[in-house]
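Colleague: Could you pick one part of this model and take me through it closely? I'd like to know where it sits and what surrounds it.

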Amino acid sequence: MKKLISIYPGTFDPVTNGHIDIIERAAGLFDSVIVTIALNKNKKPLFSEEERKDMLINVTSQLKNVEIDCFSGLLVKYAESKNANVIIRGLRALSDFEYEFQMSLTNRKLNPGINTVFLMPNEKYTYLNSSLVRELASYNANVKEFLPDYVLDKLKKKFSSDK
Ligand code: ADP
């Protein structure tokens with residue numbers, strides 16, 4: 001049987017419990033999951049590529065079929081280079097749908113052999129995103145329930161070193 005190699009692209013600035021929920025579901029469905037950090041020159045992330053990679057490695061270390069990588073450029077080209085046949089995206093609310101629908105059909109046009117699979121997280125994470133967490137943390141609000149301890153610690157240090 002053909003191996004199901006999936007890639008889960010995102011900014012992961014930083015990885016949240018919502019992302020981890022999706023990664024765990026994907027790890028249970030596919031032979032392998034490559035979580036890949038999209039390096040987008042137009043975005044100014046809070047965490048560097050190395051920091052985001054380090055956090056992802058740390059929080060997925062118990063999942064043996066998950067690896068962490070980075071890419072820039074066209075997602076479909078990257079997927080082809082990894083022999084991936086599935087792109088994973090998380091769907092939280094209707095507001096995600098329009099953009100994701102357009103992206104997924106565009107990617108399928110570029111390579112009909114690669115399908116996008118949408119996974120929904122536990123409902124408690126449906127309102128959660130990395131920018132909300134960054135903003136709350138910048139005001140010193142408690143974001144403990146949204147992040148693994150390792151990431152929480154890095155985020156706290158990031159804002160305390162700004163002072
Ligand atoms: P991007 O810039 O690609 O949106 P993100 O890191 O914000 O990068 O998100 C990566 C993927 O993870 C997207 O498919 C997004 O919908 C999904 N995602 C983000 N936060 C959550 C969450 N709380 N629950 C489920 N999926 C999520």
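Modeller: Let's settle one word before we start: "buried" means under 20% relative accessible area, "exposed" means over 50%, and "partly exposed" is in between (1.4 Å probe, protein chains only). Strands (E, at least two residues) and helices (H or I, at least four) are DSSP runs, numbered from the N terminus. Bear in mind that this is a predicted model, where local features need pLDDT of at least 70 and side-chain atom pairs count only at pLDDT 80 or more, while totals for chains, interfaces and linings use all residues. Residues are numbered from 1 along each chain as its sequence is written, and side-chain values use heavy atoms, with hydrogens and water left out.

My pick is β1, residues 5–10. Six of its six residues are buried, so β1 is largely enclosed by the rest of the structure. In a regular strand, side chains alternate between the two faces of the sheet. Here I5, I7 and P9 point one way, S6, Y8 and G10 point the other way, and all of them are buried.

Now for the neighbours. Strands count as paired if DSSP finds at least two bridges between them. With β2 (32–38), β1 pairs in the parallel sense over six bridges, and I5 stands opposite S32 there. To get from β1 to β2 the chain goes through α1, and this β-α-β crossover is right-handed: with the strands pointing away from the viewer, the path from the first strand over the helix to the second runs clockwise. With β4, β1 also pairs in the parallel sense, over two bridges; S6 has V86 as its bridge partner in that strand.

Stepping back, these strands belong to an open sheet of five with parallel pairing, in the order β3-β2-β1-β4-β5. β3 and β5 are the edge strands, each pairing on one side only.

What lies across β1? α1 does, and it also lies across β2, β3, β4 and β5. Contact, by the way, means heavy atoms within 4.5 Å. From β4 (86–90), I88 touches S6, I7, Y8 and P9 of our strand, and its other contacts include I22, F30 and V117, leaving aside residues up to four places away in sequence.

I88 also matters for the largest nonpolar core, which has 34 residues: I88 and V35 have the most contacts inside that core. Such a core is a set of buried Ala, Val, Leu, Ile, Met, Phe, Trp, Tyr and Cys residues joined through side-chain atoms within 4.5 Å. Its largest share, five residues, comes from α1. Apart from it lies another core, of eleven residues, and I5 of our strand is among them.

Notes
Axes are lines fitted to C-alpha atoms, for helices over the stretch in contact, and angles run from 0 to 180 degrees between N-to-C directions.
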